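Subject: Structure handover

Hello,

Here is the structure you are taking over. Please open it first, then read the notes below.

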Amino acid sequence: IGNSAFYKSGLYFVEIPESVTYIEEKAFGSCPNLREATVNAKILYLPAYCFANDGALARVTLPEGLEVIEQSAFNRCTSLYGVILPQSLTAIGDNAFEYCSSLSSITVPSGVEEVSAYAFADCEALYTVVLCEGVRVIDEYAFADCAQLSSLTLPAGLREIRQNAFF
């Protein structure tokens, strides 16, 4: 699926089949009506800004086998409340879920060693965060301005919480 292929389209739902082997930046960005996305594609990474600014996007299903969610992939998906990160995930890019103001809980799987800068910043409804064993670093501002955060599970092997991570 090419760069900006469905950018600003009127889609309400998208199901990406297993036969898709790559998705480029902004493929589904700024789709004002997109409410649900199911990604069955055999991809290793979800590109930058893939679903960014999809204000109506509420639910996303990501495939097992996905290793990287690149920067700002879901930035400003203000209705997103349901996303389960696959166990195969190894990296979450900067700003990946920033301004997902309806997201209430997230579990970061054990394959992710670092929660990147601003990854979940400004997630106003984020109440529960579970960082599985394997997470070693929480980068600066990773959970900044998450005012509702009241339950945080940190792994025993955590080595570093950088400046303003929970500011």
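**The cysteines**

Cys77 is buried, with a relative accessible area of 0%. Keep in mind that this is a predicted model. Cys100 counts as buried too, at 0% relative accessibility.

What is the count of disulfides? It comes to 0. Cys77 is in no disulfide, and the nearest cysteine sulfur, that of Cys100, is 5.1 Å away. A disulfide needs the two sulfur atoms within 2.5 Å. The sulfur of Cys100 has its closest cysteine sulfur in Cys77, at 5.1 Å, and that is too far for a bond.

**The open sheet**

Next, the strands. Strands 8, 10 and 12 make an open sheet of 3 strands. The order is 8-10-12, and the pairing is parallel. In general, strands of a sheet pair through backbone hydrogen bonds, either parallel or antiparallel.

Which strands stand at the edges of this sheet? They are strand 8 (105–108) and strand 12 (151–153). Each has a single partner strand, so one side of each is left without a neighbour in the sheet. From one strand to the next, the twist averages 5°.

Look at the pairing of strand 8 with strand 10 (residues 128–131). The two run parallel and are joined by 4 bridges. Ile106 is a good place to look: it stands opposite Val129 in strand 10.

**Salt bridges**

Now the charged side chains. In general, side chains of opposite charge can pair when their charged atoms come close. Here the count comes to 4 salt bridges.

One of them joins Arg136 and Glu133. Their closest N and O atoms are 3.5 Å apart. Arg136 counts as partly exposed, at 23% relative accessibility. Glu133 also counts as partly exposed, at 42%.

Arg162 appears in two of the pairs described here. With Asp139, the side chains meet in a salt bridge at 3.3 Å, N to O. Why does this pair tie together separate parts of the chain? Arg162 lies in the segment after strand 13, while Asp139 lies in the loop between strand 11 (137–138) and strand 12, so the pair links parts that are 23 residues apart in sequence.

Is Asp139 buried or exposed? Asp139 is buried, with a relative accessible area of 13%. Arg162 is partly exposed, at 29%.

The side chain of Arg162 also meets that of Glu160 in a salt bridge, at 3.1 Å, N to O. Glu160 is partly exposed, with a relative accessible area of 36%. Salt bridges that share partners join Glu114, Asp139, Glu160 and Arg162 into one network.

**A nonpolar patch**

Last, the surface. Which residues form the nonpolar patch there? They are Leu152, Leu154, Ile161 and Phe166. Together they have about 310 Å² of accessible area.

Phe166 sits in the segment after strand 13 (160–161). Phe166 is partly exposed, with a relative accessible area of 32%.

**To recap**

- Cysteines: Cys77 and Cys100 form no disulfide, their sulfurs being 5.1 Å apart.
- Sheet: 3 strands, open, in the order 8-10-12.
- Salt bridges: 4 in the count, with Arg162 in a network that includes Glu114.
- Surface: a nonpolar patch that includes Phe166.

Best wishes

Notes
Residues numbered from 1 in each chain as written. Predicted model: local features only at pLDDT ≥ 70, side-chain atom pairs only at ≥ 80, totals over all residues. Heavy atoms only, no water. Buried < 20%, exposed > 50% of the residue type's maximum accessible area, 1.4 Å probe, protein only. Patch = residues over 30% accessible without salt bridge, like charges linked within 9 Å, V, L, I, M, F, W, Y side chains within 5 Å. Areas by Shrake-Rupley, 256 points an atom, 1.4 Å probe, with all protein chains shown as cover. Pairing = 2+ DSSP bridges. Axes fitted to C-alpha atoms, helices over the stretch in contact; angles between N-to-C directions.
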